[in-house]
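Reader: I'm new to looking at structures, and I'd like a close look at one part of this one. Could you walk me through the last strand and what surrounds it?

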Amino acid sequence: MKKTVYVKIKGMSDEGLRTSSTPNTSESSDEAIEVISVANYAKIGNSECIKYDEVYDGISQKTTNIIKISEDKVEVTKKGAVTTHMTYIKNKQTTAVYETPFGNMNFSIFTRKMDIDRTEDSLKATIEYSMDINGQPVSENWIEIEATSQGPLNLL
């Protein structure tokens, strides 16, 4: 892949704790959230890194995002208006702190499913996970991270 890529992050959260492994079903009332940005790409050791900036409504400070994808792990680091380091490892539980201007949230992530597909010009990671706060289930989630050097990505 080239140094400059397009990245699309698409995610869904179902606070109804749906048990289906398919994120886009008629039983889910939640809509997908999607971010598309130009990003920097680098291969460092056995990991592929994607770095891009994000701006949130109502907050003047930007957040720098670094996504690090290896063979069996995806790490998402945010620094700025929002700060966190989330780690996704299939069939493992990890913990994270999500720091925002409005307060902090401690939570755990259990990654049920993780698929990583690579081609010469693209990288795609699909993750299904659940979130708990203080041992209590909060939501079932799905996220798809796609990077390509082949041109702009389409919205939904």
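Author: Sure! From the N terminus on, the elements of this chain run β-β-β-β-β-β-β-β-β-β. That is ten strands and zero helices. Keep in mind that you're looking at a predicted model, so the numbers below are computed from that model. The chain has 156 residues, and 43% of them count as buried. If you take the contacts between residues at least 6 apart in sequence, 40% of those join residues at least 24 apart.

Now for your strand. Strand 10 covers residues 136-148. Strand 10 is mostly covered, with ten of its 13 residues buried. What does strand 10 pair with? One partner is strand 9, which runs antiparallel to strand 10 and is joined to it by twelve bridges. Another is strand 1 (residues 4-14), also in the antiparallel sense, over nine bridges.

Let's take the strand 9 side. Strand 9 and strand 10 make a hairpin, with two residues between them. Asn134 sits in that turn, and its phi is near 55 degrees, a positive value in a residue other than glycine. Is Asn134 buried or exposed? Asn134 has a relative accessible area of 73%, so it counts as exposed. Asn91 is another residue other than glycine with a positive phi, this one near 60 degrees; you'll find Asn91 in the loop between strand 6 and strand 7 (93-100).

Back along the hairpin, Tyr129 stands opposite Asn141 of strand 10. Right beside Tyr129 in the numbering comes Ser130, also found in strand 9. Ser130 has a relative accessibility of 13%, and because the cut-off for buried is under 20%, Ser130 counts as buried. What does Ser130 touch, leaving aside its neighbours within four places in sequence? Its contacts there are Ser108, Ile109, Phe110, Arg112, Ser139, Glu140 and Asn141. Asn141, then, turns up both opposite Tyr129 and among the contacts of Ser130.

Strand 8 (residues 103-118) is worth a glance too, and Asp117 has its place there. Leaving aside neighbours within four places in sequence, Asp117 is in contact with Ser122, Leu123 and Lys124. The C-alpha atoms of Asp117 and Glu71 are separated by 9.9 Å, though the two residues are 46 apart along the chain.

Now flip to the strand 1 side. Here Ile9 has Ile145 of strand 10 as its bridge partner. Hang on to Ile145, because it also belongs to the residues with the most contacts inside the largest nonpolar core, alongside Ile50, Ile67, Val74 and Tyr88. That core has 26 residues, and its largest share, five residues, comes from strand 9.

Ile67 shows nicely how these pieces meet. Not counting residues up to four places away in sequence, Ile67 touches Ile9, Glu48, Cys49, Ile50, Tyr52, Val74, Glu75, Val76 and Ile145. So both members of the Ile9 and Ile145 bridge pair are on the contact list of Ile67.

Two more of those core residues, Val74 and Tyr88, have a link of their own: Tyr88, in strand 6, is the bridge partner of Val74. Strand 5 (residues 73-80) and strand 6 (residues 84-89) run antiparallel and are joined by six bridges. A hairpin of three residues takes the chain from strand 5 to strand 6.

For contrast, look at Gly45, in the loop between strand 2 (33-44) and strand 3 (47-54). Gly45 has 59% relative accessibility, so it counts as exposed. Gly45 and Ser70 lie 25 residues apart in sequence and 9.3 Å apart in space, C-alpha to C-alpha.

One last stop brings us back to your strand. The largest pocket holds about 830 Å³ of space. Which element gives the largest share of its lining? That's strand 10, with six residues. The lining has 32 residues, and those nearest the pocket's centre are Ile33, Met86, Tyr98, Tyr129 and Ile143. You've already met Tyr129 as the residue opposite Asn141. By type, the lining divides into 21 nonpolar, five polar and six charged residues.

So here's strand 10 in brief: it pairs with strand 9 and with strand 1, ten of its 13 residues are buried, and it gives the largest share of the lining of the largest pocket.

Key
Residues numbered from 1 in each chain as written. Predicted model: local features only at pLDDT ≥ 70, side-chain atom pairs only at ≥ 80, totals over all residues. Heavy atoms only, no water. 1 Å grid on protein atoms, 1.4 Å probe; cavity = no way out; pocket = protein on both sides within 12 Å on 5 of 7 lines; lining within 4 Å. Points joined across faces, edges and corners; volume = space filled by probe spheres on them. Helix = DSSP H or I, 4+ residues; strand = E, 2+ residues; numbered from the N terminus. Nonpolar A, V, L, I, M, F, W, Y, C, P; charged D, E, K, R; others polar. Core = buried A, V, L, I, M, F, W, Y, C linked by side-chain atoms within 4.5 Å. Buried < 20%, exposed > 50% of the residue type's maximum accessible area, 1.4 Å probe, protein only. Contact = heavy atoms within 4.5 Å. Pairing = 2+ DSSP bridges.
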